[in-house]
Amino acid sequence: MRFEACLFAMALGFVGCGENLTVPPDRDPAADPDPAPLTCLPNLDGQIDRAELVPAIGTPISYVVSPPGTSRAVDIVGTEGEDGAEWDFSTDYSDDQALSVTPTTLEGKWYAGSFDDGAFITPFNRSGSLESIGRLTDGGLLLLGIASKDESPEEGQTLLVYEPPITVLKFPVQVGQSFVSFGEITSGVALGLPYAGRDTYEVLVDAAGSVDLIQFTFDEVLRVRTKVTVEPAVGAPVVKQQASFYAECFAEVARATSADGETDPDFTDAAELRRLGY
């Protein structure tokens, strides 16, 4: 009888029975771990400083991008709202593709010896078979060159080193800023063939406002227009227009790129539309 009473007490959740009582230890109250400190906090002051444009090395960033061979209708101009321009890139296309971008360092890259320490790597094309080599300085964001991800890919090796590096952005990035930057390529290799040429970037930061994406809305976004002219030593020059939308701490949240040969900076058909999202 006493044994059965003991079992019944245990079934009800008591810690002991009879004289064999166990005193529970003192325990600290449950608590969650401290949240990781934010490495960048937007201050929404209408400009992007160097500290607000830091590559998130090792962190995957998700984009949706239009598939090759498609054209997307885009409104680069936008509409005028109460607090500045408003751009709508929120249409969810069923054939958009997922693109994950993870910035990395030069460490272990076959072409590391061709570029300065402190450079970071991001994919240049959708597949990631070509990589952009960039570097942040107190003055701005530089494009050092382009290289194939693999040293000996089937399509042939690519290694293009700009001298001087091309300035893509100048700090602080703010409305009214404009500049021209160029880089020469000598003794380069493109898809396994010798290459030389000159690339010119004409950059204009001309508007601020809000941008609507599929899952996000960003305020205090800056529109950066870039006209890229590629002049190979052999062959005809190629001109391309690009409109990028930059947000503090998030960098480029949307980008529309024209087809080759486009001369209108307000182009309405994009050969590629890339947006932060999933």
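Where is the place of Leu-204? I looked this up before anything else in the predicted model. I found Leu-204 in strand β12, which covers residues 193-212.

**Entry: Leu-204**

I next asked how far Leu-204 is open to the surroundings. Its relative accessible area is 35%, so I recorded Leu-204 as partly exposed. I then listed its neighbours, leaving aside residues up to four places away in sequence. Leu-204 touches Gln-177, Ser-178, Arg-223, Val-224 and Arg-225. I also took one distance from Leu-204 to Ala-243, a residue 39 positions apart from it along the chain. Their C-alpha atoms are separated by 9.6 Å.

**Entry: overall make-up**

I turned to the whole protein and noted one helix and 17 strands. Of its 278 residues, 39% count as buried. I looked up the accessible surface, which comes to about 15900 Å², and 54% of that area belongs to carbon and sulfur atoms. I also checked the contacts between residues at least 6 apart in sequence; 54% of these join residues at least 24 apart.

**Entry: nonpolar cores**

In soluble globular proteins, nonpolar side chains tend to be buried together. I therefore looked for such groups, with that tendency in mind. The largest nonpolar core has 25 residues, and Leu-53, Leu-169, Val-173 and Val-224 touch the most other members. At least two residues of this core come from each of β8 (130-136), β9 (140-148), β10 (159-170), β11 (178-190), β12 and β13 (217-232). Which strand gives the most to this core? I found that β10 does, with five residues.

I listed the contacts of Leu-53, again not counting residues up to four places away in sequence. Leu-53 touches Ile-48, Leu-136, Leu-169, Phe-171, Tyr-246 and Ala-251. A second core, separate from the one just described, has 24 residues. Leu-99, Leu-213, Phe-218 and Ala-243 are included in this second core. Two of the names from the Leu-204 entry return here: Val-224, a contact of Leu-204, belongs to the largest core, whereas Ala-243 belongs to the second.

**Entry: disulfide**

How many disulfides does a search of the whole structure find? I obtained one. Cys-40 and Cys-249 form it, with their sulfur atoms 1.8 Å apart. The link of Cys-40 and Cys-249 is left-handed, with -70° about the S-S bond. The pair links distant parts of the chain, with the two positions 209 residues apart in sequence numbering. Cys-40 is in the loop between α1 (2-11) and β1 (61-65), and Cys-249 is in the loop between β14 (238-247) and β15 (251-257). I recorded Cys-249 as partly exposed because its relative accessible area is 22%, and burial would require a value under 20%.

**Entry: aromatic rings and charges**

A search of the whole structure gave six aromatic pairs. One of them is formed by Tyr-111 and Phe-115, edge-to-face, at 5.9 Å centre to centre and with 90° between the planes. Both Tyr-111 and Phe-115 are buried. I also noted one aromatic cluster formed by Trp-87, Phe-89 and Phe-245.

I then looked up charged groups over rings. Arg-72 lies over the face of Tyr-93, 4.0 Å from the ring centre. The charged end of Arg-198 sits over the ring of Phe-182, at 3.9 Å from its centre.

**Entry: backbone geometry**

I looked up cis peptide bonds and noted two entries. The bond from Glu-163 to Pro-164 is cis, with omega near 0°. Pro-164 has its place in strand β10, the strand that gives the most to the largest core. A cis peptide bond also joins Phe-171 and Pro-172, with omega about -10°. Pro-172 lies in the loop between β10 and β11, and Phe-171 is among the contacts of Leu-53.

I closed with positive phi values at residues other than glycine. Leu-191 has a phi of about 55° and is found in the loop between β11 and β12. Is Leu-191 buried or exposed? Its relative accessible area is 51%, so I recorded Leu-191 as exposed. Ala-251 has a phi of about 60° and is found in strand β15. Ala-251 is partly exposed, with a relative accessible area of 26%, and Ala-251 is also one of the residues that Leu-53 touches.

Technical notes:
Residues are numbered from 1 along each chain as its sequence is written. This is a predicted model: local features need pLDDT of at least 70, side-chain atom pairs count only at pLDDT 80 or more; totals for chains, interfaces and linings use all residues. Side-chain values use heavy atoms; hydrogens and water are left out. Rings of Phe, Tyr and Trp (its six-membered ring) pair if their centres lie within 6.5 Å; planes under 30 degrees apart count as stacked, over 60 as edge-to-face and the rest as tilted. Buried means under 20% relative accessible area, exposed over 50%, partly exposed in between (1.4 Å probe, protein chains only). A charge sits over a ring if NZ of Lys or CZ of Arg is within 6 Å of the ring centre and within 35 degrees of the ring normal. Helices (H or I, at least four residues) and strands (E, at least two) are DSSP runs, numbered from the N terminus. Contact means heavy atoms within 4.5 Å. Accessible areas come from the Shrake-Rupley method with a 1.4 Å probe; for residues, only the protein chains shown count as cover. A disulfide is a pair of cysteine sulfur atoms within 2.5 Å. A nonpolar core is a set of buried Ala, Val, Leu, Ile, Met, Phe, Trp, Tyr and Cys residues joined through side-chain atoms within 4.5 Å.
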